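Colleague: Could you walk me through one part of this model up close? I'd like to see how a single spot fits in with what surrounds it.

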Amino acid sequence: MRVLLIGANGYIGRFVADRLLADPAVQLTALGRGDDADVRFDLATGSPGALTRFLDAVHPGVVVNCAGATRGGARELTRHNTVAVATVCEALRRSGCGARLVQVGCSAEYGPSQPGSSTAEDAVPRPGGPYGVSKLAATELVLGSGLDAVVLRVFSPAGPGTPAGSPLGRLAEAMRRAMQSGDGELRLGGLGAQRDFIDVRDVARAVHAASLSAAQGVINIGSGRAVRLRDAAATLARVAGYGGTLHELDGPPGALRPTIGHPRAEALGHRADGLGHHRTDALGHHRTEALGHRAETEHAAPVAHPYPDGCGSWQQADVRTARDRLGWRPRIALEESLADIWMEAACRI
């Protein structure tokens with residue numbers, strides 16, 4: 001089976017590539033913007049015609065799209081998450097290869113959910129930010145394309161390779177700094193959100209299964225269990241061997257919320273934005289981010305969505321469709337995912 005993988009260098013794409021390469025029946029070709037791709041092609045700027053010619057030459061049986069952007073303004077997100085997928089769909093329609101499309105979507109397409117509920121694939125999507133909107137638009141393009149296609153809506157991926165700017169990545173980095181400096185107290189903010197964490201290696205297994213299946217439409221990929229971020233922090237402390245005290249700084253709406261891992265950040269007048277970026281001001285002070293909060297010395301603006309995905313306080317996947325149509329179940333527990341995140345963070349000491 002010839003598989004064309006788009007976005008093989010991304011967080012999820014790297015593990016999908018490993019999974020597909022482990023299958024002796026798969027002949028894998030990687031397409032992307034990096035120098036190490038088999039074929040260099042930028043979906044955001046390349047034409048459908050150019051991609052069609054490549055598809056006709058390679059003649060894949062499956063195209064897996066893991067490419068996309070998670071940060072940036074609405075224009076950038078639209079270009080990389082929506083326009084790029086439109087290019088893929090149009091190229092596949094023009095091509096004579098008849099390839100199946102496996103599109104990696106995300107749970108941000110759903111937006112906020114009712115606490116205590118499990119979100120099934122028939123839920124009405126109400127994304128709470130431009131990222132979710134751009135990914136939902138891509139899903140709609142795929143579903144309306146007339147192609148043999150499936151969209152895997154991945155909930156909150158975790159495990160090795162977790163980006164340092166993600167909530168779990170920032171938790172691990174804050175803990176690493178505390179242990180390195182010998183701090184017996186770690187003050188953390190923004191831990192009230194509950195998310196459905198799924199190991200990235202389980203996601204790769206789901207992509208592999210979807211490539212081999214005939215399933216179409218939208219399929220949720222998650223653990224089926226929401227975990228409060230403060231509980232994830234406690235588990236991370238246990239696997240890291242951090243013996244200090246964790247102080248949660250969340251207060252009532254509008255209260256000052258100091259940033260993760262920097263208990264005195266507000267006293268220095270640092271700003272914490274929800275974009276996941278670390279910044280340094282003109283005085284050389286390090287600015288760190290809270291989980292979707294902005295911390296100021298004198299003013300603290302309330303934020304509607306404390307977790308930076310626009311999904312409010314709760315998300316939990318209904319994963320019965322993945323079980324029934326892909327024969328897929330998650331295998332890796334969150335504690336193992338967190339242990340792998342910590343192992344990578346500890347190597348930076």
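Leaving aside its neighbours within four places in sequence, which residues is Leu92 in contact with?

Modeller: Happy to, and keep in mind that this is a predicted model. Setting aside the residues within four places in sequence, Leu92 is in contact with Leu55, Val63, Cys97, Ala99, Leu101 and Leu147. Leu92 itself is found in helix H3. Its relative accessible area is 5%, so Leu92 counts as buried, the cut-off being under 20%. Leu51 is worth a look too: 41 residues separate it from Leu92 in sequence, yet C-alpha to C-alpha the two are 8.5 Å apart.

Now follow Leu101 into strand S5, residues 100-106, where seven of the seven residues are buried. In a regular strand the side chains alternate between the two faces of the sheet. Here, Leu101 points one way along with Gln103 and Gly105, while Arg100, Val102, Val104 and Cys106 point the other way.

S5 has strand partners as well. Strand S4 (residues 62-65) runs parallel to S5 and is joined to it by four bridges, with Val64 partnered by Val102. Helix H3 (residues 74-94), the one that holds Leu92, makes a right-handed β-α-β unit with S4 and S5. Strand S6 (residues 149-154) also pairs with S5 in the parallel sense, over six bridges, and there the bridge partner of Leu101 is Ala149. To get from S5 to S6 the chain goes through helix H4 (residues 130-143), in another β-α-β crossover that is right-handed.

Key
Residues are numbered from 1 along each chain as its sequence is written. This is a predicted model: local features need pLDDT of at least 70, side-chain atom pairs count only at pLDDT 80 or more; totals for chains, interfaces and linings use all residues. Side-chain values use heavy atoms; hydrogens and water are left out. Buried means under 20% relative accessible area, exposed over 50%, partly exposed in between (1.4 Å probe, protein chains only). Helices (H or I, at least four residues) and strands (E, at least two) are DSSP runs, numbered from the N terminus. Two strands pair if DSSP finds at least two bridges between them. A crossover is right-handed if, with the strands pointing away from the viewer, the path from the first strand over the helix to the second runs clockwise. Contact means heavy atoms within 4.5 Å.
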